[in-house]
Every structure is written in C-alpha cells, then in structure tokens.
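Trainee: Could you take me through one part of this protein in detail? I'd like to look at the nonpolar core and whatever packs into it.

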Amino acid sequence: MGCRRFGAAWRLGCGCEGSVPSQTSGPQLAAQFGAQDAMAFIAKSGGLPAGCLAFDRFGEGMVELHRFFVDAAVRGQGIGRALMGAVLTEIDKDPARTVLIHTTFYMESAIAVYEAFGFTPCAPFRDTLAHVRHTDMFLSRASKGA
C-alpha cells in the first residue's frame, strides 16, 4: 500500500470518480485540487487505486478536507489512516492552519479516523440545507505547524 501525489499540479486519477457521488467533473476536481494551497492524495494497494483525500484553502489560515474515500474492497487495512497521516503532514508544513471537516454523523469509520487524528467537534462553518442539517457534523483541529 502506498500514498503518492501525481505531478506538480496533483491530478485526481484515483479511479474513485465512479464510486464517489459527485456533481464535479474530473477536470474541475483537478483544477480545484491542483491550485496553490490545495492537494489531492491518492492511495494505492496492490498497484491499484484504493482511496483518495484532498484539501483546499477555506478562508484565511484554514484548510478543509474533501473527498475522503477508501474503496470498500480494501477498507480495514489502514489506507484511510495512511491518507490522513500523509495529508496532515503536508498541511502541517505551513504555520497557522486550522484543518476543517464537514461530514455526516453516519460516516462512522471516517469519524473514527478523524478523531484518532485529534479532530473534535466545532461550530458549523458553512450553511447547509435544512432537510439534511440534522445529519451534519463539523470537526476541526489545529495544525501541528501552527
């Protein structure tokens, strides 16, 4: 299992696009996470894409994690933790960062990973649709570089 980035502009080519519901196209994702202060990490297992995790800027001194996904066929093998460790190591290189996550309470496995890396509940940092607001969970952690 390995975690790596692709090229100077980070390319989302993880093969997850068909598995992760999204209204965003591959080129849009590549542009978003290829921008300065944004990156996408791809994990491989057995030479095949196994998961992804990305982040981008969210206001001054903050970044938000996005697209956390591990293929169901390889879950439970530490891939999510490896992705989280790699992404947070990259974020921690920059001082004065707060790392934000917006998820839902039923994403129990992902929440366990977030909590293992020191994320705790925080105030909502975005407005969400009223009919799903009851499922929202907002988490944050200070960057180690802060």
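Mentor: Here is a walk through the core, one helix that feeds it, and a few residues worth a look elsewhere.

Keep in mind that this is a predicted model. The largest nonpolar core has 25 residues. If you want to find your way in, start with Phe-55, Leu-65, Met-84, Ile-91, Tyr-114 and Phe-119, which have the most contacts inside it. Quite a few elements chip in: β2 (39-45), β3 (48-57), β4, α2 (79-91), β5 (98-104), α3 (108-116) and β7 each supply at least two residues of this core. The one that gives the most is α2, with six residues.

So let's stay with α2 for a bit. The helix has 13 residues, and from its first C-alpha to its last it reaches 18 Å, close to the 18 Å expected at 1.5 Å a residue. Which of its residues are buried? In α2 they are Ile-79, Gly-80, Leu-83, Met-84, Val-87, Leu-88, Glu-90 and Ile-91. Look down the axis of α2 and these buried residues fall within an arc of 160°, so they line one face of the helix.

Now put Phe-119 in the middle of your screen. Leaving aside its neighbours within four places in sequence, Phe-119 is in contact with Met-84 and Leu-88, both of them among the buried residues of α2. Its other contacts on that basis are Leu-65, Val-99, Ile-101, Tyr-114, Leu-139, Ser-140 and Arg-141. Leu-65 and Tyr-114 also belong to the group with the most contacts inside the core.

Ile-91, another of that group, leads us to Lys-144. The two residues are 53 apart along the chain, yet 8.5 Å separates their C-alpha atoms. Lys-144 lies in the segment after β7 (136-142). Is Lys-144 buried or exposed? It counts as exposed, because its relative accessibility is 63%, over the 50% cut-off.

While you're in β4 (residues 62-70), have a look at Arg-67, which lies in that strand. Its phi is near 60°, a positive value in a residue other than glycine. Arg-67 is partly exposed, with a relative accessible area of 26%.

Last, the cysteines you may be wondering about. Cys-52 counts as buried because its relative accessibility is 5%, under the 20% cut-off. Cys-122, at 23%, counts as partly exposed. How many disulfides does the structure hold? The number is zero.

Conventions
Residues numbered from 1 in each chain as written. Predicted model: local features only at pLDDT ≥ 70, side-chain atom pairs only at ≥ 80, totals over all residues. Heavy atoms only, no water. Helix = DSSP H or I, 4+ residues; strand = E, 2+ residues; numbered from the N terminus. Buried < 20%, exposed > 50% of the residue type's maximum accessible area, 1.4 Å probe, protein only. Disulfide = S-S within 2.5 Å. Core = buried A, V, L, I, M, F, W, Y, C linked by side-chain atoms within 4.5 Å. Contact = heavy atoms within 4.5 Å. Expected span 1.5 Å × (residues − 1). Arc of directions from axis to C-beta.
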